[in-house]
Amino acid sequence: HGARGLDTRKIVGVSTLDVVRANKFVAEMTGANPSEVSIPVVGGHAGKSIVPLFSQDKAGATIPAESVAALDERVQDAGTEVVLAKNGKGSATLSMAYAGARLGKAVLSGLSGVPTTECAYVASDVSELPYFASKVTFGKGGVEKVHPIGELNAHEEGRVAEAVEQLRGEIEKGLEFARGA
C-alpha cells in the first residue's frame, strides 16, 4: 500500500460477520438481548484466526468456562454450519449482507463526523503482525484509532497466539502478491 501511495487509514478488511455471529450465539446461550451483546472478535477472518473475546462482554463473560472452546469453534465454523443447514444449496447471504451494511454504516458515520467503533481488519500495531482485526474507531479520516486488544483470559491468550501463527503466513503471501501485482 505504501509504495502505491494508498492511505492505510482507508484500507479496511471486513471481519464484522464474525462479530455478528458471536453476538447471536452468545445471546442464544445466555438469553441476553442480542442488541446488548458486543463480543469483540480479533485476529483474522478464516478458521483459527477468528478469535472471539467472550470475556470482554457482560453476557459473554457468564458463559461457563467448559463451554467456551465449543462456542469459540462454532463461531469459527459458522459459515459451514449455514451451508450444511441449506444442504449445500447456499450460504449465509443475508448475514453477510447485514455484516457488510453494519461495517459500511460505521465507516460512513465516521466519515460524516460521528466517530463509530466496530471490529475490522486493518494495518495495526496491536500484535506483532502488520495487520490484525480488533476494535477500530472510524472518523473523518477513516481509521482514527486502533484499540488495544485488551485484557484476555488464558483461553483467549492461547487463541490469539494461534491466530498470530496462522495469520503470519497469510499476511506474507498477501504482501508478496501485492508486490508482484
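Colleague: What share of the contacts between residues at least 6 apart in sequence join residues at least 24 apart?

Modeller: In this predicted model, 56% of the contacts between residues at least 6 apart in sequence join residues at least 24 apart. A pair is called a contact when heavy atoms lie within 4.5 Å.

Colleague: What makes the chain as compact as a globular protein of its length, and what pattern does the chain follow?

Modeller: Read along the sequence, the pattern is β-α-β-β-α-α-α-β-β-β-α, which amounts to 5 helices and 6 strands. The radius of gyration is 16 Å, and the globule rule gives 16 Å for 181 residues, so the chain is as compact as a globular protein of that length. Along its principal axes, the C-alpha trace spans about 45 × 40 × 35 Å.

Colleague: How much of the chain is buried, and how much surface is accessible?

Modeller: Buried residues make up 38% of the 181 residues, where buried means under 20% relative accessible area. The accessible surface comes to about 9700 Å², and 57% of that surface belongs to carbon and sulfur atoms.

Colleague: How do you know that the span of helix α5 agrees with its number of residues?

Modeller: Helix α5 runs over residues 154-180, which is 27 residues, and at 1.5 Å a residue these should span 39 Å. The expected span uses one less than the number of residues. The end C-alpha atoms of α5 are 40 Å apart, so the two values agree.

Colleague: Where is the kink in α5 centred, and what lies at the start of α5?

Modeller: The kink, of about 25°, is centred on L167. At the start of α5, a side-chain oxygen of N153 comes to within 3.1 Å of the backbone nitrogen of H155, and this distance can be set against the 3.5 Å cut-off for a polar contact.

Colleague: Which residues of α5 are buried, and what covers them?

Modeller: The buried residues of α5 are E156, R159, V160, A163, V164, L167 and I171. Their cover includes strands β2 (41-43), β3 (50-52), β4 (116-123) and β5 (131-139), together with helix α2. As a general point, an α-helix has 3.6 residues a turn, so residues three or four places apart point the same way.

Colleague: Why is A161, in the same helix α5, called partly exposed?

Modeller: A161 has a relative accessible area of 42%, and because partly exposed covers values between the 20% limit for buried and the 50% limit for exposed, A161 is placed in that class. A161 is also 123 residues from S38 in sequence, with the two C-alpha atoms 22 Å apart in space.

Colleague: What makes D72 count as buried, and which residues does D72 contact?

Modeller: D72, in helix α2, has 2% relative accessibility, so D72 counts as buried when set against the 20% limit. Leaving aside neighbours within four places in sequence, D72 is in contact with I50, P52, F54, H155 and R159. With H155 there is a polar contact between the two side chains at 2.9 Å. D72 and E156 are 84 residues apart in sequence, yet their C-alpha atoms are 9.6 Å apart.

Colleague: Why is Q76 called buried, and how is Q76 linked to D72?

Modeller: Q76 belongs to helix α2 (residues 65-76), and at 11% relative accessibility it counts as buried, because the limit is 20%. The side chains of Q76 and D72 make a polar contact at 3.0 Å. Not counting residues up to four places away in sequence, Q76 touches G47, K48, I50 and R159.

Colleague: How do you know that S49 and G60 are buried, although each is in a loop?

Modeller: S49, in the loop between β2 and β3, has a relative accessible area of 0%, and is therefore buried. The side chain of S49 reaches the backbone oxygen of A46 at 2.8 Å, and, beyond four places in sequence, S49 is in contact with V42, G43, G44, A163, Q166 and L167. G60, in the loop between β3 and α2, has a relative accessible area of 4%, so G60 is buried too. Leaving aside neighbours within four places, G60 is in contact with V26, I39 and F54, and the C-alpha atoms of G60 and S38, 22 residues apart along the chain, are separated by 8.4 Å.

Note on methods: Residues are numbered from 1 along each chain as its sequence is written. This is a predicted model: local features need pLDDT of at least 70, side-chain atom pairs count only at pLDDT 80 or more; totals for chains, interfaces and linings use all residues. Side-chain values use heavy atoms; hydrogens and water are left out. Helices (H or I, at least four residues) and strands (E, at least two) are DSSP runs, numbered from the N terminus. Buried means under 20% relative accessible area, exposed over 50%, partly exposed in between (1.4 Å probe, protein chains only). A polar contact is a pair of N or O atoms within 3.5 Å; within protein, one must be able to donate a hydrogen and the other to accept it, and residues adjacent in sequence count only if both atoms are side-chain atoms. The bend at a residue is the angle between axes fitted to the seven residues ending there and the seven starting there. The radius of gyration is taken over C-alpha atoms; the globule rule is 2.2 Å times the number of residues to the power 0.38. Accessible areas come from the Shrake-Rupley method with a 1.4 Å probe; for residues, only the protein chains shown count as cover.
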